[in-house]
Amino acid sequence: MNKVVATAEEALAGVMDGASLAVGGFGLSGVPDVLIHALYATGVTGLSVVSNNCGVDGGGLGILLAAGRIARVTGSYVGDNKEFARQYLSGELLVELTPQGTLAERLRAGGCGIPAFFTPAGVGTQVAEGGLPWRYAPDGTVAVTSPPKEVREFDGRRHVLEHGITTDFALVRAARGDRHGNLVFHRSARNFNPLAAMAGRVTIAEVEQLAEPGELDPDEIHLPGVFVQRVVELTPEQAADKHIERRTVSAPSARGTVRH
């Protein structure tokens, strides 16, 4: 039951070229940065990534993206990642955009063994009707489009069929975890992490603080250890190394100005 491994490199054993990964995080909050950097160091490529967004320029999954290691992205937000936009529009990257709530439920469903479900999100749009550009050609034309999906009516309202997501591996970050793999997340850093963890066949968690079995209050555990196969304890320096995607501060008022 001791799922702790010594290093991030050891935890990533078995991740090969072409592997599929569900990755937690939202922007730069709750991103498993240590595992991402370790994965970059392995040199694996051709990865299919499922994540809310693909990091930012120079941060999070953006590190793998900039190195050309990612072949396909399933996500809900492109954001301000200029390299992501460049690769997508130049035909280097296949991108499946999906509504954020639908993405969350697809990950949860996959982790619960539910192959598909119906949702009203996306009905009447290209999400359901098909035609979303998944890949562009180098000349700017659309090379691959999304296929149409089944639409069915329930209680007088139309719903679209979406499929659950499972991946070869999942990479997540937690505030606390024990040797059995039970995880506790800190506030907004929870975001997509539990859902990504559920979807991975082999889930690897980097934890800021490692607890012994029984130390975590069962009522505070956000993700039970049954969904986690490997745990990596971060060093204090790694745990404290957190980045802000967009720092917003207000201008000082005249009253608050200090004069010397």
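1. Glu96 is buried, with a relative accessible area of 10% (buried means under 20%, exposed over 50%, partly exposed in between; 1.4 Å probe, protein chains only). This is a predicted model, so to speak from the record: local features need pLDDT of at least 70, side-chain atom pairs count only at pLDDT 80 or more, and totals for chains, interfaces and linings use all residues. Residues are numbered from 1 along each chain as its sequence is written, and side-chain values use heavy atoms, with hydrogens and water left out.

2. What does Glu96 pair with? The side chain of Glu96 meets that of Arg106 in a salt bridge, 3.2 Å from N to O (that is, a side-chain nitrogen of Lys or Arg within 4 Å of a carboxyl oxygen of Asp or Glu). Glu96 sits in strand 5 (residues 94-97) and Arg106 in helix 5, so the pair ties together parts that are ten residues apart in sequence. Helices (H or I, at least four residues) and strands (E, at least two) are DSSP runs, numbered from the N terminus. Arg106 is buried too, with a relative accessible area of 9%.

3. Have a look at Thr74 next. Thr74 belongs to strand 4 (residues 70-75), and because its relative accessibility is 5%, it counts as buried. Leaving aside neighbours within four places in sequence, Thr74 is in contact (heavy atoms within 4.5 Å) with Val49, Val50, Ser51, Glu96, Leu103, Arg106 and Ile165. So both partners of the salt bridge between Glu96 and Arg106 turn up in that list.

4. Two more charged pairs are worth checking, each inside a helix. Helix 5 (residues 100-111) holds Arg108 and Glu105, whose side chains meet in a salt bridge at 2.8 Å, N to O. Being three residues apart, Arg108 and Glu105 are separated by about one helical turn. Arg108 is partly exposed at 30% relative accessibility, and Glu105 is partly exposed as well, with 26%. In helix 4 (residues 82-89), Glu83 and Arg86 are also three residues apart, about one turn of the helix. Their salt bridge has its closest N and O atoms 2.9 Å apart, and Arg86 is partly exposed, with a relative accessible area of 40%.

5. How many salt bridges does the structure hold? There are 13 in the structure. If you want a cluster to inspect, try Arg173, Glu206, Glu208 and Lys242, which are linked in a network of salt bridges.

6. Is strand 2 buried or exposed on its faces? Both faces of strand 2 (residues 20-23) are covered. Ser20 and Ala22 on one side, and Leu21 and Val23 on the other, are all buried. Strand 2 runs parallel to strand 3 (residues 47-50), joined by three bridges (strands pair if DSSP finds at least two bridges between them). The bridge partner of Ser20 in strand 3 is Ser48. Strand 2 also has a parallel partner in strand 11 (residues 167-178), again over three bridges, with Val23 standing opposite Leu171.

7. Following that pairing outwards, strand 11 pairs in the parallel sense with strand 13 (residues 200-211) over ten bridges. One match to look up there is Thr167, whose bridge partner in strand 13 is Gly200. Strand 13 in turn runs parallel to strand 14 (residues 230-233), and four bridges join the two. In this pairing Ile204 stands opposite Arg230 of strand 14.

8. Which residues of helix 2 are buried? They are Asp33, Val34, Leu35, Ile36, Ala38 and Leu39; helix 2 itself covers residues 33-42. Check the backbone just past the helix: Gly43 follows helix 2 and has a positive phi, near 85°.

9. Finally, the antiparallel sheet. Three strands form an open sheet in the order 6-10-9, with antiparallel pairing. The edge strands, each pairing on one side only, are strand 6 (116-119) and strand 9 (151-154). Strand 9 and strand 10 (residues 157-163) are antiparallel over four bridges, and Phe154 stands opposite Arg157 in strand 10.

Definitions and conventions. A crossover is right-handed if, with the strands pointing away from the viewer, the path from the first strand over the helix to the second runs clockwise. Axes are lines fitted to C-alpha atoms, for helices over the stretch in contact, and angles run from 0 to 180 degrees between N-to-C directions.
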